[in-house]
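Reader: Could you walk me through this one? I'd like to start with the surroundings of a single residue and work outwards.

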Amino acid sequence: MGLSAQAQTETMTIIEFDSKVIDYGTIKKGADGNRTFLFTNTGTSDFEVSNIFSSCTCDIISKPDMPIKPGEKGKIVVNYDTKKLGPIVKTITVKGNMQGGIIALKLKGNVVE
């Protein structure tokens, strides 16, 4: 039993995001909704994204397809549909082999005419 716990720990890594929140501020309807979450693998193992879920109709435009090696940077590009008026309060959940297994990223702001 101790061996499998040790093996599992060795495959986990540490991911540090430049920011876990993207603040669109006040944005005009129809404006460019593309934004990028930047992160660094500060652990000792390769980081692999297993899945990304969104609480909104946000499109995940790109995510790392290849493992991010220790010390390397990666990015997750999202697109929020700015055709919808009103507040932006959304969560994007990243699942992978990092400590904790999931990281919640937030989108906030307000879409106006």
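Reader: What does threonine 13 touch, not counting residues up to four places away in sequence?

Author: In this predicted model, threonine 13 touches Asn41, Gly43, Thr44, Ser45, Asp46, Phe47, Asn97, Met98 and Gln99, where contact means heavy atoms within 4.5 Å. Residues are numbered from 1 along each chain as its sequence is written, and side-chain values use heavy atoms, with hydrogens and water left out. Local features need pLDDT (the predictor's confidence in each residue, from 0 to 100) of at least 70, and side-chain atom pairs count only at 80 or more, whereas totals for chains, interfaces and linings use all residues.

Reader: And is threonine 13 buried or exposed?

Author: Its relative accessibility is 1%, so threonine 13 counts as buried; buried means under 20% relative accessible area, exposed over 50%, and partly exposed in between, with a 1.4 Å probe and protein chains only. Threonine 13 sits in the loop between H1 and S1, elements being DSSP runs numbered from the N terminus, with helices (H or I) of at least four residues and strands (E) of at least two.

Reader: Where in the chain is confidence lowest, and where is it highest?

Author: The lowest is helix H1 (residues 2-10), at a mean of 44, and the highest is S2, at 97. Over residues 1-9 pLDDT stays under 50, and the model has 0 contacts for them beyond four places in sequence. Where pLDDT is low, the predicted coordinates should not be read in detail.

Reader: Switching to aromatics, how many pairs does a search of the whole structure find?

Author: There are 4 aromatic pairs, counted when ring centres of Phe, Tyr or Trp (its six-membered ring) lie within 6.5 Å, with planes under 30 degrees apart called stacked, over 60 edge-to-face and the rest tilted. In one of them, the rings of phenylalanine 17 and phenylalanine 37 have centres 6.5 Å apart and planes at 85°, so that pair is edge-to-face. Phenylalanine 17 lies in strand S1 and phenylalanine 37 in strand S3, so the pair ties together parts 20 residues apart in sequence.

Reader: Which residues do ring pairs link into a cluster?

Author: The cluster consists of Phe17, Phe37, Phe39 and Phe47.

Reader: Last topic: what is the strand order in the open sheet?

Author: The order of its 4 strands is S2-S8-S7-S4, with mixed pairing, two strands being paired if DSSP finds at least two bridges between them. Strand S2 (21-28) and strand S4 (49-54) stand at the edges with a single partner strand each, so one side of each is left without a neighbour in the sheet.
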